[in-house]
Amino acid sequence: MPTPSTFSTCLDRRVFDALAAELVRESDGGFGRGADVLLSVPGHPAATTPFIGAGVTGELVFSARTTPDEVKDFCFGSPGPAFGFVSYDYGMLLRGIASAKPLDFPLGHLKKYAATAQYDDATGIVTVAGEERAVDGLRQRLARLEQEHPAAIAADRRSRGTRGGAELSLPREAYEARVRETLALIRAGDVYQLNLSTRFRVRWPGLDPAGLFLRLWQTRPAPFYAWFASGALRVVSTAPERFLRVRGGEVLSQPIKGTLRLEDGEYGPDGTVDPALMARLTGSAKEDSELSMIVDLIRNDISANCEVGSVAVSAHKSVFRVDRLLQMYSDVTGRLRQDRDCLDLFLDAFPGGSVTGCPKASAMAIIEALEPHSRGMYCGSMLVVRGERDMDSSVAIRTAVCDARAATMDFWAGSGIVVDSDPASEYQETVAKAEKFLTLEEL
Amino acid sequence: MRILLVDNADSFTRNLEHLLLATVPGSVVRVVPYARLAEADTVDAQLVVISPGPGRPEDYPAYDRVLAAGGPVLGVCLGMQIINRWRGGRTAPLPGCVHGRAEAIDWAGERQCVARYHSLHVTEVGRGLTVLARNDTGVIMALGSRADRLLGYQFHPESFMTFDGGTFIAHALDFLDLS
């Protein structure tokens, strides 16, 4: 049994991010090298605690037979945080939605690490914990990076080779036709709102996923930036949305609905946005309905594991900017029941309602019929589980999966369809969300 | 009070459960999925609540047995339409649909803000049922029968957009002679 060790020190956030970047670059150097990381934007309403996991000591690769109890045993059965993803397709199994599509991706993958590092923005303290040798290794790296000027972090290498054009599982005409089918189902009462997506597949020999992740992080930061290695696959998740956080039993979900794309010059260098633009989003009856509906759904989904009377809505119809998009969101809070843990909550509420539609069971069955692709990682979640009443997780949108063997990059984007949706506008919103992966050569 | 809440695979049922638990003193709520209603023991319940849900009232024939056994029954949204259909009433598509909108309606002599989610609305009221509320454009928002202990709300008392959901549960207990 290796000797457990902990080390804490106060340092600049950029040093922590530089350590993460260094380890991400090393991730393709062979098994067990590098690290999985979760980076965030300090001060953002959806900010999470940045996390680095280095040196894999255990892993749980989900199959269709993986049970919630096995997930709990893996996360809670040994010390240290678990980090990884749970796919939308695993969520379909949890919710009993049948699918005939082949599963081409692990249904989930969680790891435990020889050493983890986490950064507390409030205090500026980094805490490294785990096995003594691995902790020492991260400590030495931090000491060295602190000596180097953090601003000197090297610009990241670009991918070589030529990127092919994006192949859409639902090109414009097909997407708009599916929107019209969805509208007919809404008018019939089969569903009240539905999130429809398309997959983009790009062939790209020479793609450098680590460089892609780091360039995106440097130019287009968002609250839940995750880098995760799963076999030959590399997950590049640039999600803006929190699914569920539990901290000391206090539950927070921050569903996003409503998107406004900003043009150049519509926000200042400090990120401030003209209040009139925010008002255009909050004043839209359509976006209001979309968000309100999902807030009621999230209240429902956390209530099964929260104390009666504790579930509340605050900051309804708040707006934040992420990347070049304004997003409207709300805070849904509750208190986890004493006899439940954070994975009861997560697995009962999964996948997040903002990416299914409402009611969830009906929406998921219709999505399965309308979408020709598997969602896989998309609309699943990246999660860090620190204890039975302590976790954080994203809604894995704006996420790409790079496959080195097939030389492909898959990413997905979608939009929420409600009764007054316009098919052409929904397609445009979908493409706007995919924009950061579609315009990579500009980075 | 022993309450049986039948869930029509909806995403608001737990909200209704929590509202009932918070507003009905000493209540115990058992949630049964519609798919298992046929074998569920409904006799023991002092109140049956039919949840909202997708689809049309005629998609849910298993409620006929529950309704034939007599009230008290409270239906919300689809639940109201199911009660109405059992009494021979009809629903039709609501022009434009309304999903996730709050609006004020006249209720018990005052204006009350309620949440609406529906694609269909009641166009023909079932036998023995009385319209108890309409919105400002005439859409039926509540109907029922005190004598038969049946009550339906088209709007959603359990939504966070409904200003005072507890009022409607308290009214239901009075109307259904349970208070």
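Colleague: When do two strands count as paired, and in what order do the seven strands of the open sheet in chain B then stand?

Modeller: Two strands pair if DSSP finds at least two bridges between them. In this predicted model, chain B holds an open sheet of seven strands with mixed pairing. The order of the strands is β2-β1-β3-β4-β9-β8-β7.

Colleague: Which strands of chain B stand at the edges of this sheet?

Modeller: An edge strand here has a single partner strand, so one side of it is left without a neighbour in the sheet. From one strand to the next, the twist averages 20°. The edges are formed by β2 (28-33) and β7 (130-134) of chain B.

Colleague: In β8(B), what is the bridge partner of A133(B)?

Modeller: β7(B) pairs with β8 (residues 140-145) of chain B in the antiparallel sense, over four bridges. Within β8(B), A133(B) has as its bridge partner A142(B).

Colleague: At what angle does helix α3 of chain B run to β4(B)?

Modeller: Helix α3 (residues 78-86) of chain B lies across β3, β4, β8 and β9 (150-153) of that chain. Its direction relative to β4(B) is about 125°.

Colleague: Is α2(A) parallel, perpendicular or oblique to α9(A)?

Modeller: The axes of α2 (residues 68-76) and α9 (residues 342-349) of chain A come within 10 Å and cross at roughly 140°. Angles over 145 degrees count as roughly antiparallel and those from 65 to 115 as roughly perpendicular. The crossing angle therefore makes α2(A), relative to α9(A), oblique.

Conventions. Residues numbered from 1 in each chain as written. Chains lettered and ligands numbered in written order. Predicted model: local features only at pLDDT ≥ 70, side-chain atom pairs only at ≥ 80, totals over all residues. Heavy atoms only, no water. Axes fitted to C-alpha atoms, helices over the stretch in contact; angles between N-to-C directions. Parallel < 35°, antiparallel > 145°, perpendicular 65-115°, else oblique. Contact = heavy atoms within 4.5 Å.
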